[in-house]
Amino acid sequence: MKNVIEIQDLEKAFGSNVILRGVNMKLHKGENIAILGKSGTGKSVLTKCIVRLIECDSGKINVFDNDITEMEVDQIDEIRKRVGYLFQGGALYDSMTVKENLEFPVRRTQLPKNKSEVNDMVDEALESVGLLEAKHKMPAELSGGMKKRIGLARTLILKPEIILYDEPTTGLDPVTSGEISELIMRIREKYNTSSLIITHDMKCAEITADKLKLLKDGKFYAEGTFDELRKSDDREVAAYFN
Ligand SMILES: Nc1ncnc2c1ncn2[C@@H]1O[C@H](COP(=O)(O)OP(=O)(O)OP(=O)(O)O)[C@@H](O)[C@H]1O
């Protein structure tokens, strides 16, 4: 199976604070992997290394068969267009409408397009997350769940092949969390994406992930399907299912 991400022996420290101590993983095309781990274990650092928002210290990170640790800035930009990163809070610009928030990545990273083309892209992305009616709203008028959806629409507008979800359901009630998890699945179907999903929400992992990986002490400690890990005798793993 084709890998869209392949990481070998990734290490990262901030000063004396060693975070990643030899991370290895592969993400196949079309696959969803959930990354579990206690707070502060380096899940976000790992995903940020994948798009070089953080520079790793050593190791290889192949994205679409290119080692991004060796790339020049302009080549990285090409990769970033193909890898969407959904930040924890949605990271919307509060002073811009939803429409303007969605136009922003298009204007920054794509060839000039005429107004109506950009408008169509905005509408398609909003329709994909079921929020076309929020187009002219300001972020302050949106609920937490709506902000997550709009953040996702802003990621989708560039039609990424990989999406990195950083805690897509955190801070949401169980019903809205479930809706976001279902949306992640619909997005995979529609856009044919592969995803890494950092989550503390086991329901989200159950719904969205083909495979779960548990980060502990700077390495992956366990991996398997939801059902395989649920049956694990290992106390570290079992703790996630209590
Ligand atoms: N830019 C940075 N400079 C210094 N330390 C950092 C930086 N980014 C992250 N860290 C440290 O790296 C560690 C891992 O952080 P990270 O955000 O990856 O944790 P996480 O597993 O995603 O946690 P959570 O589940 O709480 O979001 C933390 O100790 C954090 O303080």
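Which residue of S5 does valine 63 stand opposite? In this predicted model, valine 63 stands opposite asparagine 66 in S5, and that pair offers a convenient way into the first of two sheets described here. S4 and S5 pair in the antiparallel sense over two bridges, and the two strands form a hairpin with two residues between them. Within that turn, phenylalanine 64 has a positive phi of about 50°.

The hairpin belongs to an open sheet of four strands, which run in the order S2-S1-S4-S5 with antiparallel pairing. S2 and strand S5 (66-67) stand at the edges of this sheet and have a single partner strand each, so one side of each is left without a neighbour in the sheet. Further inside the order, strand S1, which covers residues 3-14, pairs with strand S4, residues 58-63, in the antiparallel sense over five bridges. Two of the residue pairs can be followed by eye: isoleucine 5 stands opposite valine 63 in S4, while isoleucine 7 has isoleucine 61 as its bridge partner in S4. Valine 63 is thus a residue to look at from both sides, since it stands opposite isoleucine 5 and also opposite asparagine 66 in S5. As general background, strands of a sheet pair through backbone hydrogen bonds, either parallel or antiparallel.

The edge strand S2 leads on to the ligand. The residues around the ligand are Phe14, Asn17, Ile19, Gly37, Ser39, Gly40, Thr41, Gly42, Lys43, Ser44 and Val45. Strand S2 (17-28) and helix H1 (43-50) are the elements that give two or more residues to this shell, and H1 gives the most, with three residues. By class, the shell around the ligand divides into three nonpolar, seven polar and one charged residue.

The second sheet is also open, and its six strands follow the order S6-S7-S8-S3-S9-S10 with mixed pairing. Its edges are formed by strand S6 (83-86) and strand S10 (219-224), each of which pairs on one side only. Neighbouring strands of this sheet are turned by 20° against each other on average, direction ignored. At the S10 end of the order, strand S9, made of residues 211-216, pairs with S10 in the antiparallel sense over five bridges, and in this pairing leucine 215 stands opposite phenylalanine 220 in S10.

The helices can be read next, beginning with a general point: two packed helices are described by the angle between their axes and the distance between the axes. Helix H3 (residues 98-109) and helix H5 (residues 144-156) pack at an angle of about 30°, with their axes 8 Å apart. H3 and H5 are therefore roughly parallel to each other, and their crossing is right-handed. Val98, Asn101, Leu102 and Pro105 of H3 make the contact together with Ile150, Ala153 and Arg154 of H5. The residues of this contact of H3 with H5 comprise five nonpolar, one polar and one charged.

H5 also packs with helix H6 (residues 174-191), and here the axes come within 11 Å and cross at roughly 15°. H5 and H6 are therefore roughly parallel to each other as well, and the crossing of H5 and H6 is right-handed. On the H5 side the contact is made by Gly145, Lys148, Arg149 and Leu156, and on the H6 side by Thr176, Glu179, Ile180, Leu183, Ile187 and Tyr191. By class, this contact of H5 with H6 has five nonpolar, two polar and three charged residues. H5 therefore takes part in two roughly parallel packings, one with H3 and one with H6.

Conventions:
Residues are numbered from 1 along each chain as its sequence is written. This is a predicted model: local features need pLDDT of at least 70, side-chain atom pairs count only at pLDDT 80 or more; totals for chains, interfaces and linings use all residues. A residue is near a molecule or strand if its C-beta atom, placed from the backbone, lies within 6 Å of it. Ala, Val, Leu, Ile, Met, Phe, Trp, Tyr, Cys and Pro count as nonpolar, Asp, Glu, Lys and Arg as charged, and the others, Gly among them, as polar. Two strands pair if DSSP finds at least two bridges between them. Axes are lines fitted to C-alpha atoms, for helices over the stretch in contact, and angles run from 0 to 180 degrees between N-to-C directions. Angles under 35 degrees count as roughly parallel, over 145 as roughly antiparallel, 65 to 115 as roughly perpendicular and the rest as oblique. A crossing is left-handed if the near helix is turned anticlockwise from the far one by less than a right angle, and right-handed if clockwise. Two residues are in contact if their C-beta atoms, placed from the backbone, lie within 7 Å.
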